[in-house]
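Subject: Structure for your review

Dear colleague,

I am handing over the structure below, and my notes on what was found in it follow directly after. Please read them with the coordinates open beside you.

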Amino acid sequence: MIRSLLAGRRWTSLRLRLLVVFALVALTAAVSASGIAYWLNREAVLTRVQEAALGDFRQEMQNRAAALPADPTPEELQRTAELMAGSSPGYSVLLVQEGKDNRQMYGAAGPDNFRLTDVPKSLQNAVNDRQKTTAANDAEYHVYWQRTKPRGNPYLVGGTRIVGGGPTGYMYKSLAQERDDLNALAWSLTIATILALLGSALLAQAAARTVLKPVQRLGDAARRLGEGELDHRLDVSGTDELADLSRTFNKTAEALEKKVADMSAREESSRRFVADMSHELRTPLTALTAVAEVLEEEVDDLDPMIAPAVTLVVSETRRLNDLVENLMEVTRFDAGTARLVLDDVNVADQVTACIDARAWLDAVELDAGRDIVARLDPRRLDVILANLIGNALKHGGSPVRVSVTVEGDWLVIAVQDNGPGIPEEVLPHVFDRFYKASASRPKSDGSGLGLSIAVENAHIHGGDITAANVPGGGALFTLRLPVDVGKAITGDLDA
């Protein structure tokens with residue numbers, strides 16, 4: 001039963017600690033009560049038997065041994081011992097008399113083979129010790145007793161001597177029956193202690209269930225709240241501390257739900273504003289882009305004073321167009337509407353196409369096997385590669401080395417530049433949106449969204465991008481994507 005109660009319980013759990021405390025208290029109380037009861041019963045039983053045997057022995061010594069003549073014969077001594085043992089409550093008698101020739105005579109009777117050698121020397125000396133009579137002591141000899149265990153069996157040995165030269169008498173009573181009764185009592189108290197311990201375990205389990213059930217419900221509610229079920233509430237009953245805690249939890253959950261709803265509404269409004277603004281900007285930007293392309297074709301024929309302004313307008317128009325496209329892409333990620341269009345892609349060909357489309361062939365070194373095929377979204381892979389390689393060329397230095405390998409179920413694309421590297425204080429923020437507005441590169445002509453869009457595209461594939469510095473110099477961006485994105489995403493959903 002104890003094993004079933006402890007099954008699956010951590011040693012630090014509150015339920016187990018409560019169970020152990022109950023068990024220790026019950027064990028201490030039961031052992032203490034049993035020990036006191038056993039000691040009291042033992043003393044009562046032994047005292048009763050001892051007083052009865054010694055009292056009867058004293059009376060027999062006064063009535064029979066004292067009636068013997070001054071120089072009894074061995075037959076008289078033996079007959080007196082038999083009479084004393086026959087009327088005794090189960091003890092043996094030994095009478096010792098010193099004769100005229102200084103020879104000791106013995107008279108022994110009773111259920112035990114009782115001899116003078118069975119009497120401890122200390123008891124013999126105490127019995128034969130003649131004391132002076134005083135006002136406080138009116139007898140020269142007294143009855144003395146001692147408990148012994150010859151051959152492992154408990155006995156009560158008592159002795160006294162008749163005043164005036166009479167015989168010395170000893171009694172020898174077995175305490176085996178009392179020992180058996182006390183052993184039976186000890187077993188009974190042990191069983192009662194075990195039952196009390198089991199009962200305390202059951203009571204502790206019931207108390208733990210009663211006390212900890214509200215705590216468990218509170219823990220489950222907190223877990224569900226952390227999983228996003230902000231409308232979950234606890235049923236509150238009673239006026240105890242746990243009920244107050246449940247009410248506090250409900251109030252906190254209600255306030256949290258309201259605050260999250262307000263934040264979600266504001267965030268949705270912001271996303272909608274950015275999306276609407278980006279959408280509204282596309283129409284005039286299309287017209288501006290067309291005009292900019294025309295102006296760019298005629299820039300050589302324009303007045304030298306006007307040409308720089310036209311060039312600036314063309315570059316800023318293209319930059320604004322890129323910014324709007326990036327904002328719309330970010331809005332799709334934030335709204336959760338970004339979707340993958342998976343296809344089997346030869347990674348080396350895809351990287352080569354990305355580099356060739358942007359005229360980077362002279363500045364990029366590619367190390368990729370022609371047999372590496374992965375199932376992913378080619379458009380989004382192109383966006384990731386364009387941002388990583390473009391960032392390396394712009395902020396690092398050529399040549400930029402791109403390596404493609406497969407590690408187990410993962411496609412690993414490493415982009416390393418030949419620049420000074422990324423400052424350590426900047427590394428944790430390289431994927432933050434608009435981080436280019438920080439002091440690290442305030443005059444960059446990028447939008448500050450390229451790397452954040454790249455990492456979002458990696459995440460939607462189930463992968464990630466990390467940034468680090470190479471010991472020999474230069475920055476290293478590592479893209480890790482599942483070789484089969486569709487299979488990886490399905491596995492995540494199943495998990």
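**Strand S1 and its partners**

Strand S1 and strand S5 (residues 168-174) run antiparallel and are joined by six bridges. Before going further, I should say that this is a predicted model. Within the pairing of S1 with S5, Tyr-91 stands opposite Lys-173. S1 also pairs with strand S2 (residues 104-109), again in an antiparallel arrangement and through six bridges, and here Leu-95 has Gly-107 in S2 as its bridge partner. S1 and S2 together form a hairpin with five residues between them, and in the turn Asn-102 has a positive phi of about 65°. Strand S1, which covers residues 91-98, is mostly covered, seven of its eight residues being buried.

**The aromatic cluster**

How many aromatic pairs does a search of the whole structure find? The search finds four. In one of them, the rings of Phe-114 and Tyr-172 have their centres 4.5 Å apart and their planes at 5°, an angle under 30 degrees, so this pair counts as stacked. Because Phe-114 lies in the loop between S2 and helix H4 (121-128) while Tyr-172 belongs to strand S5, the pair ties together parts that are 58 residues apart in sequence. Phe-114 has a relative accessibility of 3% and therefore counts as buried, and Tyr-172, with a relative accessible area of 1%, is buried as well.

Tyr-172 is also paired with Tyr-155: the centres of these two rings are 4.3 Å apart and their planes are at 10°, so this pair is stacked too. Tyr-155 lies in strand S4 (residues 155-161) and Tyr-172 in strand S5, so the parts that this pair ties together are 17 residues apart in sequence. Tyr-155 is buried, as is Tyr-172, and the residues Phe-114, Tyr-155 and Tyr-172 form one aromatic cluster.

Tyr-155 also appears among the contacts of Thr-148, a residue that touches Pro-120, Asn-153, Pro-154, Tyr-155 and Val-157 when residues up to four places away in sequence are not counted. Thr-148 lies in strand S3 (residues 144-148) and is buried, with a relative accessible area of 15%.

**Leu-54 in helix H2**

Leu-54 is found in helix H2, which spans residues 14-63, and with a relative accessible area of 8% this leucine is buried. Which residues does Leu-54 touch, not counting residues up to four places away in sequence? They are Val-143, Trp-145, Leu-156, Gly-158 and Met-171. As for Met-171, the C-alpha atoms of Leu-54 and Met-171 are 8.1 Å apart in space, although the two residues are 117 residues apart in sequence.

**The five-stranded sheet and its helices**

Further along the chain numbering, there is an open sheet of five strands in the order S7-S9-S10-S12-S11, with mixed pairing. Strand S7 (364-368) and strand S11 (464-469) stand at the edges and have a single partner strand each, so one side of each is left without a neighbour in the sheet. On average, and with direction ignored, neighbouring strands of this sheet are turned by 15° against each other. Inside the sheet, strand S9 (residues 400-407) and strand S10 (residues 410-416) run antiparallel and are joined by seven bridges, with Thr-405 standing opposite Val-412 in S10.

Two helices lie across strands of this sheet. Helix H8 (residues 347-357) lies across S7, S9 and S10 and runs at about 170° to S7, whereas helix H9 (residues 378-395) lies across S7, S9, S10, S11 and strand S12 (475-482), running at about 170° to S12.

Helix H9 also packs against helix H10 (residues 450-460), at an angle of about 145° and with the two axes 9 Å apart, and the crossing of H9 and H10 is left-handed. On the H9 side, the residues that meet H10 are Arg-380, Val-383, Ile-384, Asn-387, Leu-388 and Asn-391, and their counterparts in H10 are Gly-450, Leu-451, Ile-453, Ala-454, Asn-457, Ala-458 and Ile-460. Sorted by class, the contact of H9 with H10 has eight nonpolar, four polar and one charged residues.

With best regards

Technical notes: Residues numbered from 1 in each chain as written. Predicted model: local features only at pLDDT ≥ 70, side-chain atom pairs only at ≥ 80, totals over all residues. Heavy atoms only, no water. Pairing = 2+ DSSP bridges. Helix = DSSP H or I, 4+ residues; strand = E, 2+ residues; numbered from the N terminus. Axes fitted to C-alpha atoms, helices over the stretch in contact; angles between N-to-C directions. Contact = heavy atoms within 4.5 Å. Left-handed = near helix turned anticlockwise from the far one by under 90°. Nonpolar A, V, L, I, M, F, W, Y, C, P; charged D, E, K, R; others polar. Buried < 20%, exposed > 50% of the residue type's maximum accessible area, 1.4 Å probe, protein only. Phe/Tyr/Trp six-rings, centres within 6.5 Å; stacked < 30°, edge-to-face > 60°.
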